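Let's take a walk through this structure together. Keep the 3D view open and turn it around as you read.

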Amino acid sequence: MLTFPVRRTQHNLKPLFAKRQKLVNQIPEFWPNVFLNGPEDVQQFFSPADLAILASIKSFSVDRYQVTSETEGEPRSLRFTFDFGKNDHFEDKKLVKDFEYKSSPGGPGSLVSKPVTIKWRGKKKDVTNGLLDAACELYAAEEAIKLKNADGELEVVDREALWQHEKLREKLAAFDEQPELQPSFLNWFGYRGPVGPPSHSARNANEEGVDEEEDEDDLDTGMLEVEVFPAGEEVAISLAEDLWSDAMDYFSKGVAVNS
Amino acid sequence: MVSLFRLTAFQSRQGSGVHAAEYWNLLPIQISSYSQNCRSASMASATKVDLAMATNEDQTTIFALQGLAELEKQFADVELAARTSLALIAASQC
């Protein structure tokens, strides 16, 4: 029931955000200032290597892309669009990341997403240390298997049987063993969320009679073992509901700090 | 860190004039406020700015900030309507 006023509000705010976007894009370094003075929930994930990339953001927007009218569309689905100026790390001028809201019976639902490929200017320029590429490879492999299944009945793939899953798992483990490396915010583009079947380990635990309540968290995860940015949903929500909505406040905060 | 926002440089530039400095000090604070009175005060202050002293880029920024201040009231109206709807729904469920 609460979805209706939220949807109506978002629908009514769309033209205002469009006007705001035109104006803020005339202010030099507006979005870099907003990101670097943004909510702590987002800032905590910035590595030193990310700063030069964030400084090259020319424009940023959040769209409740499924809202088509005051009465239709899911307002919790989000589309993030980043426009970048030239930077030393990747060639892309635009990156778009969608989060689709999926309801769950008896639960609050969750956001799922597809990993977004970034065209790095070279391996050494990849601030994610290969994690994002590996996440994209795994997703592509899963999609290829679904395509092979011509009748379209295959909804989920046993991803743990794929070599790309093992590769990503090993990369994550290797990354964790190097404390000098800091995870990049750009890993967020690889977030997928609770998609697909529960992991083998979670299934095995359940079959062996492990306390269901104790293991409840694992059963819905699906991606958790190879999620390159586990806090992806929380960051998406903070970007949409704090950083984007209150961009002027974060910008003003930056100006005040710099003054 | 990213280079400081150019407004700061403008504010501290020698000979910018007291009105311009006041304007830069005031505007960011006013923009973050949803108060109609504060917004009006900010606009009144802006009229004192000697735009001739600003570079073209700075002038563009000034006009953009003024436009953003004007938009604030419209944002506040939509948000107020949303809060009212949610309050009515909450009240109907009691």
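Confidence first: this is a predicted model, and within chain A the predictor is surest about strand β2, where the mean pLDDT is 98. At the other end of the scale sits helix α8 of chain A (residues 212-219), with a mean of 44, the lowest in the chain. Across residues 209-220 of chain A, the pLDDT stays below 50. In the model, that stretch still has 14 contacts beyond its near neighbours in sequence. For chain A as a whole, the mean pLDDT is 86, and 85% of the residues reach 70 or more.

Now find the sheet. Chain A has four strands that make an open sheet, lined up in the order β1-β2-β3-β4 with antiparallel pairing. Strands β1 and β4 (110-113) of chain A are at the edges, and each has a single partner strand, so one side of each is left without a neighbour in the sheet. On average, neighbouring strands here are turned by 20 degrees against each other, if you ignore direction.

Let's zoom in on β2 of chain A, which covers residues 78-84. Strand β1 (residues 57-63) of chain A pairs with β2(A) in the antiparallel sense through six bridges. You can spot one place where they meet: S59(A) stands opposite D83(A) of β2(A). Strand β3 (residues 94-102) of chain A is also antiparallel to β2(A), and six bridges join the two. Look for F82(A), whose bridge partner in β3(A) is L95(A), and for T81(A), which has V96(A) as its bridge partner in β3(A).

Which residues of β2(A) are on the covered face, and which are on the uncovered one? L78(A), F80(A), F82(A) and F84(A) make up the covered face, while R79(A), T81(A) and D83(A) make up the uncovered one.

A helix goes over this sheet, too. Helix α9 of chain A (residues 232-244) lies across β1, β2, β3 and β4 of chain A, and runs at about 105 degrees to β4(A).

Next, the largest nonpolar core, a group of 54 residues. The members that touch the most other members are V34(A), L132(A), A135(A), L186(A), L239(A) and A247(A). Helix α5 of chain A (residues 131-148) gives this core its largest share, seven residues. Try picking out A247(A): leaving aside residues up to four places away in sequence, A247(A) touches V24(A) and V34(A).

For a contrast, go to P194(A), in the loop between α6 (163-176) and α7 (200-207) of chain A. Why does P194(A) count as partly exposed? P194(A) has 19 other C-beta atoms within 10 Å, and a residue needs 20 or more to be called buried. Along the sequence, P194(A) and I237(A) are 43 residues apart, and in space they are 16 Å apart, C-alpha to C-alpha.

Finally, turn to chain B. How many helices and strands does chain B have? Chain B has four helices and zero strands, following the pattern α-α-α-α along the sequence. Of the 94 residues in chain B, 21% are buried. Among the chain B contacts with a separation of 6 or more, 57% involve residues 24 or more positions apart.

Notes
Residues numbered from 1 in each chain as written. Chains lettered and ligands numbered in written order. Predicted model: local features only at pLDDT ≥ 70, side-chain atom pairs only at ≥ 80, totals over all residues. Core = buried A, V, L, I, M, F, W, Y, C linked by C-beta atoms within 7 Å. Buried ≥ 20, exposed ≤ 12 C-beta atoms within 10 Å, placed from the backbone. Contact = placed C-beta atoms within 7 Å. Pairing = 2+ DSSP bridges. Axes fitted to C-alpha atoms, helices over the stretch in contact; angles between N-to-C directions. pLDDT = per-residue confidence, 0-100.
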